[in-house]
Amino acid sequence: MTTALIKSLSILTKPVREAQSSDGQSTQTALVSALQRNLSELREHMSVGEELEEARQLLEEVKRDVTWVCSDTDDLTWSFVQESLLLLLCLSRHLNRLLEAFHQNPTAPNPATPEAAPPLPPDVLSVAQQKTLGAVLQFVVTLGLCPYLAPGVGVALELRSAFGAAVEGAVRHDVAPAGERRLLITTNVLLEVSALSSLATPLFTRHLGDIMAALCQLAYRPQRPEGDGTKSNKGLTVEERKSCREALHNLLGKVYQPIVIKELLVLQGGPKQASSGSRGGCAGGGGKALTQAPPWLRRLCGQLLSDRLMQPQGVQAVVRAILEGTGAGGDSDWRKCDAVAKILAACPQQSLSAESYYSQVCPQVLELLHFKDKLTAQQFQRVATRAALIMVQDRPEFAQRFLLFPLLSALHRCAKGTGDDLSQDAVEEWELTRCIEDVYKICVVGNSPSEVLLKALADVISTLFSLFCFTKQNVSHLRTPCQEILMWFLSHSEHSVALSQLKRLCGLLGEVSGVQHGFQFSPGSEGGARLTVREPISDEDDALYEKVSDEQWRVQCLVELLGEMKDSDLPGEFFLLLLQDLTAVAAEPEEVEQEVDTSSLTLLELEQHLLGRVSGHGQRLALLQVLAIMCEGLPYTQLLRKPTQVVGFIVSMLQRACVSLERGTDSPVESQTLSMGMGLVATLLSGAAELTADDYSSMGELLPHLEQISQQHPEPAIQELASDLRATIATHGAYRPKTAPKTATQNSPAQPPGHSSKTLPASTPSSRPLSRPQVPTQPISHPKLKTDSGETSKANDIQATRRTSNCGNSEPSSSKAFSECLMEACDPDVPTRAVALRSLTRSVKDGDKEALQNKDKLLTLFLENLEHEDSFVYLSAIQGLAVLADSFPEQILQRLLGEYQTGATVGSPKSERSLETRLKVGEVLMRASRAMGDLAPHYGRSLIGVFLSSTRDEDSSVRASSLSNLGELCQRLNFSLGPLAQELSTCLTALIKTDKEAEVRRAAVHVIVLVLRGLSDKTTQVLGDVLLELYRALKWVVRSDQDEVAVLQAQLALEELDDVMRRFIFPQQKLEKKIVVLP
C-alpha cells in the first residue's frame, strides 16, 4: 500500500507539459488548470482498481477521524492542499502500523550469511519515493502555509521565486475556511506527519523555517478584535493557541539547535533600512531583501534566542549557527567572530538577571577553548577569547566570579591546597594543561590587557612562575606558554607592580614558593605537570640544601625570563632597583651585637631572637645573589639600554662611594667603584652617546653626589675631576673646563675594560679629552709598576681612566694617536694595556694605513703580550694576531707556525712558559683557520704539516691542541684533503689506539667528526680509500675505550658516517630534466 499512496501523491504533483507564456496571468491560469486536472486524475485513479481498495479504506478512515475537511470550498488551491494532507496522513498512519509490526516481530537474521546487513525497517523510502514526497511537501507549504502568513512573518513567496506571485494570485482568501484556520490545519497535519522520522527528515530540512513562522503566528500574534473582514473568520481559541505554543517549544527542543537559531535569526527579519541581498538567493527577486518583521515577532524571536543561548551547550549552538560554513581566515570571518562575541558578552533584556545569565554563559565560553578540530577550534577560540575580554572589560564583577576564577582554579588549588583528604595527585595533569592553555589563549593571543585581568593573574603569578621553573628542569610542552604568559604579564603591568612582582619572585620580599607547603610539581605522563604530595626529608642538611638550590634555580629562571624580554626596559629598571637596594644596605649602620641572657628566655623567644638576627643577613645575601646572577646571565646591552638607565647605574655607584666617604672607610673595592663611576660620567660627556636635553636633565641626579665627592674626597685630583664634571653637567655641556671631556668628532663604542664584568657597558670612554696631563709610560722590559702608597694607586686609577679614553677611538685620526696606543699597549695597568691592544686590532681590521705599515711592530707587540698572565691582555693579543693573520696570511702564518713549533717568542725570559705560549699560538692558528674560508686549500698544506708533526709532541696538551686545529682546518679543505687522506687516517688511527692520554684520544675522534661533517656528501669521494679504516677505528673506540667522552665522540662520528652512507646508497629521488647536446 505504500507504493499505492506514493503513486497517488505523484499524480497530484505531475508537472504541466504544455508550454506557458511569460505573462503572469497565463502562469496563474496554467497553475490553476494543472491543479484541477491533477485533482480530477487523482479521483479517477482512486475510484477504480481493486489494488487500491486498502488505500481507499484508509483514506475514508482518515476522513472520518479529522474534522477540518471542507468539501464545499470554492478555493481550488485549498482543495488541492486538503487532498495532499489526507494522503500524507494516510501514508504516515500506514508506515506507523508497519513499523509497530516490525518492532513486535523482528525478522530473524540469516544464519548462513552472518556478514549480511540487518533488514531495513518498513518506513524507509526509496530515492524516487523521497523525491515525490519532497515535491508534495513543497506544494503543501507553498499553497497551504506561506500564503496565510502575515506580512513580515517568514520569507515571502515573491522573495523566493518569480512563481510566488502566481501562487499568491491563485489563492482565494475570501472563501471558507478562513486563512488563520487553514494555516492551523496545515501546520497541525505537518507536525503530525513529522512524528515519523522518515517523513520528518525531508520536512524539517527544507521547511523548518516556514513551520516555525506558522507556529509563531498562530501562538503569539496579537488578535484583532474586528477580525479581518470575513464573516467566517472567528479566530483561534485559547486552547488552540496554547497547543501551538507547546508545539513550537517541542519543535525547538528536538531539532538541531544551530539550525533553529539560524531560522530564528531569519524570522527576526531585516533591519529598518534593509541591506541588499536576501536569504538563499532569489531567482526573481535578486535585489530584494528581507522585510521587516512585526514588533511582536522580533520580541518573540529575541526571547527564544535568549532561551536557546542559556540552555546547556547553547553558546556553542549560537556560534555554530553563525560561523558554520564560513571557512577560516579573512576579514569577514574576523568580523563575524567579533560580532558573535559581542552578542555573548551582552546580557539580553529578556534575562531574569545578569547574574544568572553570566553564571550560565561564562562556563560555556570557556568550553569553546577546548575543541580539538583545527578549523572549529580556531573559530571558537576567536569567539571565546574576544567574548571573555569584552566581559572582563564591561562586566568585571561578573567576569571575576564566573570567568576568571574558574579559569585560574587549577593554579589557585596549587597555591592553597585541596583540603585535608590529600590524594596522590592533588591537581591532575589535564587540569593544569587546560588551565595554562586557556590562560595563554585569552591573555597572550587575545592581547587585550585590563586591570581586572592583570589583577587576577597577579594572584597566581607565583604559582605560574613555580610551574615555569619546574618545566625548565625537564622537557615539557608547558614551558613556552608559561614563559609567554609571564612575559605578557610583566610587559603590560605597571612598572611599579612589575618590579614588585619581580622582587617577590626572587624571594627578596619573603619566601614565596607558589605551591602549598607539602606539595610539589611532578612530571606528567603526557609531557605536562601535576601537583603531588612531597615526600618528607628527614635529614636537615638535605632539606637545607634542597631549599637553597631551589631558591637559586628560581633566580636563574627569572634571569633567563628577563633575558627573553629584549625590547623591554624592565630588566634594566629591575637591575637599577636592586642597585638602589644594595646602596641602602650599604648605608645601614652596622648593628652592634648585644649580649642577651638566653637563660631567662623561653624556647619560642630564643627562636624568635635567633631568627631576627639572621633574617637581615639572609635578605642581603639574597640581594647579592640576584645581582650576581643578573650580571652573569644578562648582557649589558639589555641591562642598560638607554642613557637614562646608564645614569641611574652611575648614580647608584656614586651613592655607594658617598656612603663610604661619610663613614670614612677606604677599600680597593670602593676606590674602583668611584673610579669606574667617574669614568662612566666622563664617557657620556665626551660623546660616547648622543645626549639630549632630557638626558642632561636626568644627569642632574649626579650633581649632589659629585658635589659631595668634590668636597669630601681626600684626593685633590678626584676633587678637581668631580668639580669639572659637575660644572659640565650643570651647564648642559656649555661650560667645559680644561680637564673636562669634550665631544669628539667621531665616536664609536669601545669594548668594556674589564673582561669579567658584563654589566659595565659604558666603562670605556670612546673619545679623547681635549687636554690631559702627560702620563709617563714604562718601557717594554718592565712588566709591572709597583706603587708605594695608596695615593699613587688612586692617581693611577684616574690617569688610567683618562688614558683609556685616549685610545678607545675606533679610528685613530693621526700618527700621534697610533703611537700613543703603541706606548699604552706596554702600560703596566691591565685595563689600559688591554684596551690599547684592542684598539690596535681594530685599526688593522679597519685597514688603517699606518697600522698596516707597522705590521711587524704589531706582530712583535702581540707576541710579547701572549706572555702576560692576565686573560684580558693575552686574549686581546690572540685576537690581534688572528686579525693580522687574516690580513697578511703569507707572512704572519709562517711566523706563527715557527712560534708554534718551537714555543719560544722573541725576548721571552722564561723558558718554562713555552708550553702555555704554544697553546696560545695554537688558539691563534685555529681562529685563522676558521677565517680562511675558501682560501683554506691554498694556505692549508703548510698548516697541516705542522699540525701533524705536533701530534708527536711529548706534551699531551700540545698533541690535543694540534688535533683540535687539524679538525678545524680539515673540515674546510674539501677535495684538497684527498692526497693527504692516507696520512691523516694513519695518524688518527694510531693516536686512537695507542695514546695513553684520554684528552688526546678524544681530540683524535673529534677530528673524524669534524672531517665527516665538513665533507658531508663528498666523503665517499675524498675518503673512499680510508673510510673502512676510520670506521674500524671508531668501532674499536666504542667497544674498547674506557673514556666515556671518547666513546660519545665516536658514537657521534658513527652517526655522521651513517647519515653519509644512507644518502650515498639511497639518494633522494628528484624529478630532473637533463638536456644532452649530441656531437
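Asp-541 has its place in helix α23, which covers residues 540–564. I begin there, and I should say at once that the model before us is predicted.

At 57% relative accessibility, Asp-541 counts as exposed, because the limit for that class is over 50%. Asp-541 does not stand alone: together with Asp-539, Glu-540 and Asp-542, Asp-541 forms a negative surface patch.

A second patch is of another kind. Phe-1064, Ile-1065 and Phe-1066 make a nonpolar surface patch of about 370 Å². Within that group, Phe-1066 lies in the segment after α46, the helix of residues 1044–1065. Phe-1066 is exposed, with a relative accessible area of 61%.

I turn now to the salt bridges. How many salt bridges does the structure hold? The count comes to 23. Allow me to take three pairs and one network in turn.

The first pair for discussion is Glu-61 with Arg-97. Their side chains meet in a salt bridge, with an N to O distance of 2.9 Å. This pair links distant parts of the chain: Glu-61 belongs to helix α3 (residues 53–65) and Arg-97 to helix α4 (residues 76–104), and the two are 36 residues apart. On accessibility, Glu-61 is partly exposed at 25%, and Arg-97 is also partly exposed, with a relative accessible area of 42%.

The next pair is Glu-431 with Arg-413. Here the side chains meet in a salt bridge at 2.4 Å, again N to O. Glu-431 sits in helix α18 (residues 429–445) and Arg-413 in helix α17 (residues 409–416), so this salt bridge ties together parts that are 18 residues apart in sequence. Is Glu-431 buried or exposed? Glu-431 is buried, with a relative accessible area of 17%, because buried means under 20%. Arg-413, at 29% relative accessibility, counts as partly exposed.

The remaining pair is Arg-927 with Glu-923, whose side chains meet in a salt bridge of 3.1 Å, N to O. Where do these two residues lie with respect to one another? Both are in helix α39 (residues 914–932), and because they are four residues apart, about one helical turn separates them. Arg-927 is partly exposed, with a relative accessible area of 31%. Glu-923 likewise counts as partly exposed, at 27% relative accessibility.

Salt bridges may also be joined to one another. Asp-338, Lys-342 and Arg-386 are linked in a network of salt bridges.

I close with the cysteines. A disulfide is a covalent bond between the sulfur atoms of two cysteines. How many disulfides does the structure hold? There are zero. Why does Cys-970 form no such bond in this model? The closest cysteine sulfur to that of Cys-970 is in Cys-987, at 9.9 Å, which is too far for a bond, because a disulfide requires the two sulfur atoms to be within 2.5 Å. Cys-970 is also buried, at 1% relative accessibility. Cys-337 is another buried cysteine, with a relative accessible area of 2%.

To review the main points: the structure carries a negative surface patch that includes Asp-541, and a nonpolar patch that includes Phe-1066. Its salt bridges number 23, among them the link between helices α3 and α4 made by Glu-61 and Arg-97. Its disulfides number zero.

Key: Residues numbered from 1 in each chain as written. Predicted model: local features only at pLDDT ≥ 70, side-chain atom pairs only at ≥ 80, totals over all residues. Heavy atoms only, no water. Patch = residues over 30% accessible without salt bridge, like charges linked within 9 Å, V, L, I, M, F, W, Y side chains within 5 Å. Areas by Shrake-Rupley, 256 points an atom, 1.4 Å probe, with all protein chains shown as cover. Salt bridge = Lys/Arg side-chain N within 4 Å of Asp/Glu carboxyl O. Lys, Arg positive; Asp, Glu negative; His and termini not counted. Charge placed at Lys NZ, Arg CZ, Asp CG, Glu CD. Buried < 20%, exposed > 50% of the residue type's maximum accessible area, 1.4 Å probe, protein only.
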